[in-house]
Amino acid sequence: MTKSRFGRIAHASLSSLEGDTAMRILDEQEKAIIRHLIRDPRESDNGVGELTGVNVRTVSRKRQRLEQEGILSYYANVDLSANGASQFTARHLYIIKFGVGITYKQLVDDIKMEPSNTVFTERVFESHIAEIDGKVALLLYIDGDSDVDIVQRMHEELIPTLLENHGKELIEEISTVRILSPVRVMRNYLPLVNMKNGLMKADWPDEAIYVGR
């Protein structure tokens with residue numbers, strides 16, 4: 001079975017909320033614009049136009065359209081790990097599988113209702129909703145001062161908050177993995193290979209930057 005029942009339900013839920021659309025194929029100008037923004041998201045429309053040969057008005061129009069369609073987004077990564085500010089020296093991946101009784105839509109709705117600044121803001125580097133054996137799950141990348149600090153804070157602060165937010169006694173299983181170092185981020189960023197001073201290295205070839213079909 002190539003697609004689980006949960007996967008179909010999740011897809012249907014997203015489609016009903018956001019609209020089901022056909023595959024979006026990027027044109028060559030859009031690909032050129034995106035490649036340069038991957039190299040430097042701070043680049044102005046004028047700069048992108050000069051570097052790509054695309055008219056600046058076309059750059060502005062296409063860039064705005066890509067942003068409005070949700071294809072192009074910008075993120076600033078504040079590295080608080082040992083490779084950056086060294087405020088956190090350990091990171092664990094927590095895999096939290098919920099039992100019967102919590103659905104994908106319920107989890108999404110609960111997350112949307114959470115306040116903007118929570119106990120997760122400081123400690124969760126990244127999180128994702130997932131499916132494990134047909135049940136909804138959360139993947140949480142947790143930062144801490146040490147392995148022991150992560151375990152302690154997870155059980156004293158984060159898990160009780162999860163139970164409060166999503167329902168008592170619904171966590172079926174918890175497993176953990178210690179994360180040592182990122183290799184690839186958002187397809188194109190390889191911190192150990194092609195990043196320097198917060199940007200992609202200038203000599204990294206355009207053909208190695210993947211921007212989709």
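Author: Two residues are in contact here when heavy atoms lie within 4.5 Å. By that rule, D45, N46, V48 and G49 in α3 meet V56, V59, S60 and R63 in α4. Please keep in mind that this is a predicted model.

Reader: Thanks! What makes R63 count as buried?

Author: The cut-off for buried is under 20% relative accessible area. R63 has 10% relative accessibility, so R63 counts as buried. This residue sits in helix α4.

Reader: Which residues does R63 touch, leaving aside its neighbours within four places in sequence?

Author: R63 is in contact with L37, P41, E43, S44, D45, L72 and Y74.

Reader: Why is the pairing of R63 with the backbone oxygen of E43 called a polar contact?

Author: A polar contact needs a pair of N or O atoms within 3.5 Å, one able to donate a hydrogen and the other to accept it. The backbone oxygen of E43 lies 3.0 Å from a polar side-chain atom of R63, so the pair falls within the cut-off.

Reader: And what happens at the start of α2?

Author: There, a side-chain oxygen of D27 comes to within 3.1 Å of the backbone nitrogen of Q29. With the limit at 3.5 Å, that is a polar contact too.

Reader: How do you know that the span of α2 is close to what is expected?

Author: The expected span is 1.5 Å times one less than the number of residues. For α2 (residues 28-39), with 12 residues, this gives 16 Å, and the helix reaches 17 Å from its first C-alpha to its last.

Reader: What do the buried residues of α2 pack against?

Author: They pack against α3 (45-52), α4 (56-68) and β6 (199-200). Among these buried residues are I33, I34, L37 and I38. Turning to α3, its buried residues are G47, V48 and G49, and their cover includes α2 and α4.

Reader: How do α3 and α4 cross?

Author: Their axes come within 8 Å and cross at roughly 115°, and the crossing is right-handed. Just after α3 comes G53, with a positive phi near 80°.

Reader: Now the strands: how do you know that β2 and β3 pair?

Author: Pairing takes at least two bridges found by DSSP. Strands β2 (residues 124-132) and β3 (residues 135-144) are joined by 8 bridges, so they pair, and they run antiparallel. One of the bridge partners in β3 is L138, which faces I129 in that pairing. The hairpin has 2 residues between the strands, and D133 takes a positive phi near 55°.

Definitions and conventions: Residues are numbered from 1 along each chain as its sequence is written. This is a predicted model: local features need pLDDT of at least 70, side-chain atom pairs count only at pLDDT 80 or more; totals for chains, interfaces and linings use all residues. Side-chain values use heavy atoms; hydrogens and water are left out. Helices (H or I, at least four residues) and strands (E, at least two) are DSSP runs, numbered from the N terminus. Buried means under 20% relative accessible area, exposed over 50%, partly exposed in between (1.4 Å probe, protein chains only). Axes are lines fitted to C-alpha atoms, for helices over the stretch in contact, and angles run from 0 to 180 degrees between N-to-C directions. A crossing is left-handed if the near helix is turned anticlockwise from the far one by less than a right angle, and right-handed if clockwise.
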